[in-house]
Amino acid sequence: MKKHNTMKVVLAFVAVLGLASAQRENSLQVVETMALLPEAYRELQRYVVSAVADAKHNSSDAIYEFHREVYLAKDTFLRSAITLETNTLYHLNNQPLEVDSGCLNLLRGSADLNLQVSGVGFTNCILDVDARLNAEIQNVYDQLQANESSYVQFSLYDAFAGRNIFQNPQDINDQLYIKLAQLQQLPTELVAQLSALVTDFRARLEVARSTYRQCLTVNNQVFQTAVDLILIQLQQVCKGSLVASPTLPTTPALTTAFTVQPTDAVPTMPPMVQPDEYVIG
């Protein structure tokens, strides 16, 4: 009888040992599955990082083009203002001796003062567009970073949460295989999403560029009005006249046609080089 009971105990022990051995094999299988995840995660990360990097490069190109347009427009409008001043001073500096020199000096000071005020306008225009550009850059890069983070911040091992590798190895293994399948499914739609972000970014920069050019245009128009008034004062107050000259001095790279007005008419300044005619490459 004793021998029979002992045999039962031994068989039960062997059965438990066999079950435990199978469980341990399942636990080791979890580790083998875990070994598949890093490579899949790296491929996903490389894909996403590459897509975001391409979008950032395209954004950088848009920013470069914007900066280039800003300084080219600045150059055009600045030269236009300098030409206006040069032409005005030409009239003032070539008056007959009988014209009141004190009156002419006041007009020269007015021309200089108005050009300096125009300089304040130039500064305001470029600071406004700079602030807007920086805000747009921050916005697009935040969006690009958010897209990248949504894919690369991926938990590989939350399959272990609430589970014991010795008690629930199969559950853990099943969850890890689900993770593996998710990692292996590359987000091909991401490229189109990022491209749309960059396209929107370019559109917003175009609006900012147009606003900047409008600011410069208004600034030059105000200076033009001031110059027109100075020439009226030359004739009506100082009793001078507009000076005829085949070629008026111009700033480098600019040529301005000048039309002589009758001395009894309200003067019209020579046509400015129109900023809109400046082709920005």
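**A walk through an all-helix chain**

Of the 281 residues in the protein chain, 36% count as buried. Keep in mind that this is a predicted model. The chain has 5 helices and 0 strands, so reading from the N terminus the order is simply α-α-α-α-α. As for the surface, the chain exposes about 16,300 Å², and carbon and sulfur atoms supply 59% of that.

How do the pieces talk to one another? Take the contacts between residues at least 6 apart in sequence: 84% of them join residues at least 24 apart. The cores and salt bridges below put some names to such links.

Let's start with the nonpolar interior. The largest nonpolar core has 22 residues, and those with the most contacts inside it are Leu37, Val48, Leu144, Leu176, Leu183, Leu190 and Leu194. Helices α2, α3, α4 and α5 are the elements that each give two or more residues to this core. The largest share, 8 residues, comes from α2. For a closer look, pick Leu194: leaving aside neighbours within four places in sequence, Leu194 is in contact with Ala51, Val52, Ala55, Leu144 and Asn147. Apart from this core lies another one, of 21 residues, with Phe77, Ala81, Val129 and Phe201 among them.

Now for the charged pairs. The structure holds 8 salt bridges, and a few of them are worth a visit. In one, the side chains of Glu65 and Arg202 meet with N and O 3.0 Å apart. This pair links distant parts of the chain, with Glu65 in helix α2 (residues 37-93) and Arg202 in helix α5 (residues 189-236), 137 residues apart. Are these two partners buried or exposed? Neither label fits, because Glu65 has a relative accessible area of 37%, making it partly exposed, and Arg202, at 33%, counts as partly exposed as well.

The side chains of Arg209 and Glu69 form another salt bridge, at 3.6 Å from N to O. Here too the partners come from distant parts of the chain: Arg209 sits in helix α5 and Glu69 in helix α2, 140 residues apart. Arg209 is buried, since its relative accessible area is 17% and the cut-off for buried is under 20%.

Which parts does the salt bridge between Lys179 and Asp158 tie together? The closest N and O atoms of this pair are 2.9 Å apart. Lys179 lies in helix α4 (residues 169-184), while Asp158 is in the loop between α3 (101-152) and α4, so the bridge ties together parts that are 21 residues apart in sequence. The two ends differ in their exposure: Lys179 is buried, with a relative accessible area of 13%, whereas Asp158 is partly exposed, at 38%. Elsewhere, salt bridges that share partners join Glu69, Glu206 and Arg209 into one network, which brings us back to the Arg209 and Glu69 pair.

One last stop is Thr86, which is found in helix α2. Thr86 counts as partly exposed because its relative accessibility is 21%, and buried would require a value under 20%. The C-alpha atoms of Thr86 and Ala111 are separated by 9.6 Å, with the two residues 25 apart along the chain.

Notes. Residues numbered from 1 in each chain as written. Predicted model: local features only at pLDDT ≥ 70, side-chain atom pairs only at ≥ 80, totals over all residues. Heavy atoms only, no water. Helix = DSSP H or I, 4+ residues; strand = E, 2+ residues; numbered from the N terminus. Buried < 20%, exposed > 50% of the residue type's maximum accessible area, 1.4 Å probe, protein only. Contact = heavy atoms within 4.5 Å. Areas by Shrake-Rupley, 256 points an atom, 1.4 Å probe, with all protein chains shown as cover. Salt bridge = Lys/Arg side-chain N within 4 Å of Asp/Glu carboxyl O. Core = buried A, V, L, I, M, F, W, Y, C linked by side-chain atoms within 4.5 Å.
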